[in-house]
Amino acid sequence: MTMQNFTIAIDGPAAAGKGTLSRQIAEAYGFHHLDTGLTYRATAKALLDTGLPLDDEIIAEKIAREVELGGLDRDILSKHEIGEAASKIAVMPSVRRALVEAQRRFSEKQPGTVLDGRDIGTVVCPQAPVKLYVTASPEVRARRRYDEIVGRGGPADYAEIFEDVKRRDERDMGRADSPLKPAGDAHLLDTSEMSIEAAFQAAKSIIDAALNRNT
Ligand code: C5P
């Protein structure tokens, strides 16, 4: 972080609403935004596309080092199978090291950055002046994902989505390297009973207070 650069670290489990919140914050403050989940997804997709194994750490690291942060397409990478594959390669320390290096370089952009993921406040940007941990109950998160899929006209099974959410939580919170957990100084934002607007306003007052301290 340089004198003027300001980084906002946003972590939380899958489907907690951190993506929407991060995009809104980045837009409101004119900051660059990186959804770090897309870097894990892009690595997983490149492996799947070329038929390479998902359990070979040396190959996965090589592919991770080739990921271009500028070319991450949310629509292409949002597929369920890619998310599952991403959470498998995300347990590999050398894949994490490669992607974290690229994420840290991104975090230094001027005038400021918003990074969202699982380990931003704990590992990628532990010095960030604002850290938010956005969460919601597994039931609410599964319901939101269900509504989103049905809203797009797709078929969805709530029970299956609920199991998926829990499985992903276990994998993300239970891994040895950089498990999902709030940084000691993170502000907790439980959005289970909050609208998107209410979550944004809560985040905004935390960020504004930190920006005032910084000037
Ligand atoms: O957030 P998203 O669902 O796109 O992330 C896909 C997977 O990538 C997560 O389940 C998690 O295993 C991994 N991930 C991670 N660290 C991050 C972001 C994502 O381990 N900073």
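Here are three worked exercises on a predicted model.

**Exercise 1: a strand in the middle**

Work out whether strand E3 (residues 112–117) is enclosed or open, and find which strands pair with E3.

*Solution.*

Step 1. Start with the rule that side chains in a regular strand alternate between the two faces of the sheet.

Step 2. Now sort the residues of E3. Gly-112, Val-114 and Asp-116 point one way, while Thr-113, Leu-115 and Gly-117 point the other way. Whichever way they point, all of them are buried.

Step 3. Draw the conclusion: six of the six residues in E3 are buried, so the strand is largely enclosed by the rest of the structure.

Step 4. Look for the partners. Strand E1 (residues 6–11) pairs with E3 in the parallel sense, over six bridges. As an example, Phe-6 has Gly-112 as its bridge partner in E3. Strand E2 (residues 32–35) also runs parallel to E3, and four bridges join the two.

**Exercise 2: one acid at the end of E2**

Decide whether Asp-35 is buried or exposed, and list what its side chain reaches.

*Solution.*

Step 1. Place the residue: Asp-35 lies in strand E2 and stands opposite Asp-116 in E3.

Step 2. Check the cut-off. Buried means under 20% relative accessible area. Asp-35 has 14% relative accessibility, so it counts as buried.

Step 3. Follow the side chain of Asp-35. One thing it reaches is the backbone nitrogen of Gly-37, at 3.0 Å. There's also a polar contact of 3.4 Å between the side chains of Asp-35 and Arg-74.

**Exercise 3: who surrounds the ligand?**

Describe the shell around the ligand: how many residues, of which classes, and from which helices and domains?

*Solution.*

Step 1. Count: 14 residues surround the ligand, and the closest are Arg-41, Arg-96, Asp-119, Asp-172 and Arg-175.

Step 2. Sort by class. You get seven charged, four polar and three nonpolar residues.

Step 3. Trace where they come from. Helices H2 (37–49), H5 (80–89) and H9 (158–174) each supply at least two residues of the shell. H2 gives the most, with three. On the domain level, domain 1 (1–31 + 112–210) and domain 2 (36–110) each provide at least three residues.

Step 4. Zoom in on the distances. An oxygen atom of the ligand is 2.6 Å from a side-chain N or O atom of Arg-41. For Arg-96, the distance from a ligand oxygen to a side-chain N or O atom is 2.7 Å. Asp-172 has a side-chain N or O atom 2.7 Å from a ligand oxygen.

Step 5. Finish with the cover: taken alone, the ligand exposes 450 Å², and the protein buries 95% of that.

Technical notes. Residues numbered from 1 in each chain as written. Predicted model: local features only at pLDDT ≥ 70, side-chain atom pairs only at ≥ 80, totals over all residues. Heavy atoms only, no water. Buried < 20%, exposed > 50% of the residue type's maximum accessible area, 1.4 Å probe, protein only. Pairing = 2+ DSSP bridges. Near = heavy atom within 4 Å. Polar contact = N/O pair within 3.5 Å; in protein donor to acceptor, adjacent residues only side chain to side chain. Areas by Shrake-Rupley, 256 points an atom, 1.4 Å probe, with all protein chains shown as cover. Nonpolar A, V, L, I, M, F, W, Y, C, P; charged D, E, K, R; others polar. Domains from an automatic or database assignment.
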